[in-house]
Amino acid sequence: MHPTLETARLILRPYTEADIAELVPLVGAREVAATTGRIAHPYTEQHAKGFLVLAREPDKIWLAITLRSDGRQIGGVGLRVDREFQHAELGYWLGVRYWGQGYATEAAREMLRYGFEDLHLHRIFASHFKHNPVSGRILEKLGMHHEGCQREHFRKWDQFVDLELYGILRREWQIPGGVRE
Ligand SMILES: CC(C)(COP(=O)(O)OP(=O)(O)OC[C@H]1O[C@@H](n2cnc3c(N)ncnc32)[C@H](O)[C@@H]1OP(=O)(O)O)[C@@H](O)C(=O)NCCC(=O)NCCS
């Protein structure tokens, strides 16, 4: 069973069937699909049902990002864990109207804490399309290191796009200042 995690403004919790109605229009925005690799567009209720099955797998820890104030669903954050290597890939998205308020950084920072402290991971990594610098800024704020660029690695809507790679090791996360403001 996936955890429920809390931050100052957010509750990150497992998805339920009841989330589907709110999830579909939120994740279905073209702007959200445009800078992510695995979110279908258009996004249907069937996609959401498939996602909920996937999000229950033990190593795919996808949680709904909800507002502590009123419980509203505003986005999603996940760790895709590979236990053999003790590492995980971080991913996140927010509904468009919730951008620019620091929510993604707040949610992702808590997922890093969960990954290192509770799952005892050795490394957490993430990537973003080059044309999505906002995501790079989030990864920097988390204390991640830029590890390179895979040129034209990804095909997105008939365009080959560069993928920027980031990662952080357990020992870097633990040092004071490893988690940056
Ligand atoms: C990427 C996304 C999650 C950002 O969420 P958010 O809550 O708005 O992000 P935050 O507010 O936590 O942080 C954004 C940071 O980027 C900065 N930023 C904004 N525009 C920027 C730009 N053009 N270039 C660089 N940095 C930028 C912000 O100033 C902020 O940094 P700061 O706190 O130092 O000021 C959101 O835009 C989204 O869901 N996009 C679609 C899905 C997606 O791209 N997911 C990530 C896939 S890798």
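Select His120 first: in this predicted model, His120 sits just after helix 4 and takes a positive phi of about 55 degrees.

**Helix 4**

From His120, step back along the chain and select residues 103-118, which make up helix 4. If you place a distance between the end C-alpha atoms of helix 4, you should read 22 Å, and this agrees with expectation because 16 residues at 1.5 Å a residue should span 22 Å. Now colour helix 4 by burial: 12 of its 16 residues are buried, so helix 4 is largely enclosed by the rest of the structure. Among the buried residues are Tyr103, Ala104, Thr105 and Glu106 towards the beginning of the list, and Tyr114, Gly115 and Phe116 at its end.

**The sheet and its edges**

Next, show the strands alone. What is the order of the strands in the open sheet? The eight strands follow the order 1-2-3-4-5-6-8-7, and their pairing is mixed. Look then at strand 1 (5-6) and strand 7 (145-156), which stand at the edges; each has a single partner strand, so one side of each is left without a neighbour in the sheet.

Stay at the edge formed by strand 7 and add strand 8 (residues 159-169), to which strand 7 is joined by eight bridges, the two running antiparallel. A pair to pick out here is Cys149 and its bridge partner in strand 8, Glu164.

**Helices against the sheet**

With the sheet still displayed, bring in helix 1 (residues 20-27), which packs on the sheet and touches strand 4 (73-82) and strand 5 (87-94), its direction making about 90 degrees with that of strand 4. Helix 4 also packs on the sheet, where it touches strand 1, strand 2 (10-14), strand 3 (60-67), strand 4, strand 5, strand 6 (123-129) and strand 8. The direction of helix 4 makes about 30 degrees with that of strand 4.

**Strands 5, 6 and 8**

Select strand 5 and strand 6 together, and you will find that they pair in the parallel sense over three bridges. Within this pair, Glu89 has Phe125 of strand 6 as its bridge partner. Following the chain from strand 5, you pass through helix 4 before reaching strand 6, and this β-α-β crossover is right-handed.

Strand 6 is also joined to strand 8, here by seven bridges and in the antiparallel sense. To see one position of this pairing, select Ile124, which stands opposite Ile168 in strand 8.

**Strands 1, 2 and 3**

Move across to strand 1 and strand 2, which form a hairpin with three residues between them and pair in the antiparallel sense over two bridges. Leu5 stands opposite Leu12 in strand 2, and Leu12 in turn has Ile65 of strand 3 as a bridge partner. Strand 2 and strand 3 run antiparallel and are joined by five bridges.

**Two residues to compare**

Is Ala8, in the loop between strand 1 and strand 2, buried or exposed? Ala8 counts as exposed because its relative accessibility is 67%, over the 50% cut-off. Displaying its surroundings brings up Arg68 and Glu106, both of which Ala8 touches when residues up to four places away in sequence are not counted. For a sense of distance, select Gly95 as well: Ala8 and Gly95 are 87 residues apart along the chain, and their C-alpha atoms are separated by 19 Å.

Then go to Ser135, which has its place in helix 5 (residues 133-141). Ser135 is buried, since its relative accessible area is 9% and the cut-off is under 20%. Leaving out residues up to four places away in sequence, Ser135 touches Tyr92 and His128.

**The whole chain**

Finally, zoom out to the full chain, which has six helices and eight strands. Read from the N terminus on, its elements run β-β-α-α-α-β-β-β-α-β-α-β-β-α. The C-alpha atoms fill a box of roughly 40 × 35 × 35 Å, taken along the principal axes. The radius of gyration is 16 Å, which agrees with the value near 16 Å for a compact globule with 181 residues. Of these 181 residues, 48% count as buried. Among contacts with a separation of 6 or more, 63% are accounted for by residues 24 or more positions apart.

Key:
Residues are numbered from 1 along each chain as its sequence is written. This is a predicted model: local features need pLDDT of at least 70, side-chain atom pairs count only at pLDDT 80 or more; totals for chains, interfaces and linings use all residues. Side-chain values use heavy atoms; hydrogens and water are left out. Helices (H or I, at least four residues) and strands (E, at least two) are DSSP runs, numbered from the N terminus. The expected span of a helix is 1.5 Å times one less than its number of residues. Buried means under 20% relative accessible area, exposed over 50%, partly exposed in between (1.4 Å probe, protein chains only). Two strands pair if DSSP finds at least two bridges between them. Contact means heavy atoms within 4.5 Å. Axes are lines fitted to C-alpha atoms, for helices over the stretch in contact, and angles run from 0 to 180 degrees between N-to-C directions. A crossover is right-handed if, with the strands pointing away from the viewer, the path from the first strand over the helix to the second runs clockwise. The radius of gyration is taken over C-alpha atoms; the globule rule is 2.2 Å times the number of residues to the power 0.38.
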